[in-house]
Amino acid sequence: MNTLAASPDAQARNRLARAPWVAIAGIGGALLDLWVAAAYWSQFQVEAIRIPQGIAAWIVGRDAFDGGAATALLGTLLYCGLVWAVCALYRVAARHYAVLLRRPVLCGALYGMLAYGVVFWIIAPLLAGDGGSTKPEWLGLCVATYIVAIGIPAALAARATLAGSRD
């Protein structure tokens with residue numbers, strides 16, 4: 001008998017303590033990405049509020065730009081939810097493919113690039129009919145941000161939440 005094995009109660013508490021990391025990675029990554037976008041577009045005199053309003057426009061259309069703080073909040077919540085789902089999807093995949101946990105920086109970086117492509121070249125055009133700017137420096141910044149702020153944190157959060165678990 002293995003006396004070092006944790007009781008089911010202890011295992012459940014341990015799992016619960018690890019649970020927020022995927023949400024933190026997703027929400028933190030989304031907010032950091034929105035900040036990077038606002039900082040970049042400010043050089044073109046684009047107000048920061050227009051960034052999340054542009055995301056809200058995926059759902060409510062061009063009227064989002066006239067909605068003030070309400071549509072900015074809607075866009076922020078929508079984007080946080082989307083990026084949380086991106087991070088949660090990495091965790092789901094990591095349960096099936098151990099390499100995603102063994103090599104979180106490499107796999108997270110690749111996942112960040114893939115996630116950017118899916119979000120802005122598939123999801124956004126399907127919802128809004130537009131994937132956004134194609135300026136090379138903007139695309140490079142976006143991909144780099146998705147690698148550093150979303151892909152790698154998603155992988156590290158998955159590793160932290162799945163470490164030693166077989167659930």
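Is glutamine 45 buried or exposed? At 69% relative accessibility, glutamine 45 comes out as exposed. Its place is the loop between helix 2 and helix 3, and its phi is positive, near 60°, even though the residue is not a glycine. Keep in mind throughout that this is a predicted model.

**The overall picture**

The chain has 7 helices and 0 strands, so written from the N terminus its elements simply read α-α-α-α-α-α-α. Of its 167 residues, 38% are buried. If you take the contacts with a separation of 6 or more, 67% of them join residues that sit 24 or more positions apart.

**Helix 3 and what surrounds it**

Move on from the loop with glutamine 45 and you reach helix 3, residues 50-60. Which of its residues are buried? They are Ile51, Pro52, Gln53, Ile55, Ala56, Ala57 and Trp58. The buried residues of this helix pack against helix 2 (20-42), helix 4 (68-96) and helix 6 (104-128). Just past the end of helix 3 comes glycine 61, with a positive phi of about 85°.

Now for the pairing with helix 4. Two packed helices are described by the angle between their axes and the distance between the axes. For helix 3 and helix 4, the axes come within 7 Å and the crossing angle is roughly 80°. An angle of 65 to 115 degrees counts as roughly perpendicular, and helix 3 and helix 4 are therefore roughly perpendicular to each other. On the helix 3 side, the contact is made by Pro52, Gln53, Ile55, Ala56, Trp58, Ile59 and Val60. Helix 4 brings Gly68, Thr71, Ala72, Leu74, Gly75, Thr76, Leu78, Tyr79 and Leu82. Sorted by class, that contact has 11 nonpolar residues, 5 polar ones and no charged ones.

**Two residues of helix 3 up close**

Alanine 56 belongs to helix 3 and is buried, with a relative accessible area of 0%. Its C-alpha atom is separated by 4.0 Å from that of glycine 75, which is 19 residues away along the chain. Setting aside neighbours within four places in sequence, alanine 56 is in contact with Gly61, Ala64, Thr71, Leu74 and Gly75. Gly61 in that list is the glycine with the positive phi.

Glutamine 53 is also in helix 3. How much of it is accessible? Just 2% in relative terms, so glutamine 53 counts as buried. A polar atom of its side chain lies 3.0 Å from the backbone oxygen of glycine 68. Not counting residues up to four places away in sequence, glutamine 53 touches Ala64, Phe65, Gly67, Gly68, Thr71 and Ala72.

**Other spots worth a look**

Trp58 of helix 3 turns up again in an aromatic cluster, together with Tyr79, Tyr116, Phe120 and Tyr146. The count of aromatic pairs comes to 11.

Over in helix 7 (residues 136-162) you'll find threonine 161. This threonine is buried, at a relative accessible area of 3%. What does its side chain contact? There is a polar contact with the side chain of arginine 91, at 2.8 Å. A polar atom of the threonine 161 side chain also lies 3.2 Å from the backbone oxygen of alanine 158.

Alanine 25 sits in helix 2 and is buried, with a relative accessible area of 9%. Leaving out neighbours within four places in sequence, alanine 25 is in contact with Cys87, Ala149, Pro153, Ala154 and Ala157. Leucine 106, in helix 6, is partly exposed instead, with a relative accessible area of 43%.

Alanine 25, alanine 56 and leucine 106 each have a partner further along the chain, and here are the three pairs together:

| Pair | Separation in sequence | C-alpha to C-alpha distance |
|---|---|---|
| Alanine 56 and glycine 75 | 19 residues | 4.0 Å |
| Leucine 106 and isoleucine 147 | 41 residues | 9.6 Å |
| Alanine 25 and alanine 88 | 63 residues | 9.3 Å |

Methods:
Residues are numbered from 1 along each chain as its sequence is written. This is a predicted model: local features need pLDDT of at least 70, side-chain atom pairs count only at pLDDT 80 or more; totals for chains, interfaces and linings use all residues. Side-chain values use heavy atoms; hydrogens and water are left out. Buried means under 20% relative accessible area, exposed over 50%, partly exposed in between (1.4 Å probe, protein chains only). Helices (H or I, at least four residues) and strands (E, at least two) are DSSP runs, numbered from the N terminus. Contact means heavy atoms within 4.5 Å. Axes are lines fitted to C-alpha atoms, for helices over the stretch in contact, and angles run from 0 to 180 degrees between N-to-C directions. Angles under 35 degrees count as roughly parallel, over 145 as roughly antiparallel, 65 to 115 as roughly perpendicular and the rest as oblique. Ala, Val, Leu, Ile, Met, Phe, Trp, Tyr, Cys and Pro count as nonpolar, Asp, Glu, Lys and Arg as charged, and the others, Gly among them, as polar. Rings of Phe, Tyr and Trp (its six-membered ring) pair if their centres lie within 6.5 Å; planes under 30 degrees apart count as stacked, over 60 as edge-to-face and the rest as tilted. A polar contact is a pair of N or O atoms within 3.5 Å; within protein, one must be able to donate a hydrogen and the other to accept it, and residues adjacent in sequence count only if both atoms are side-chain atoms.
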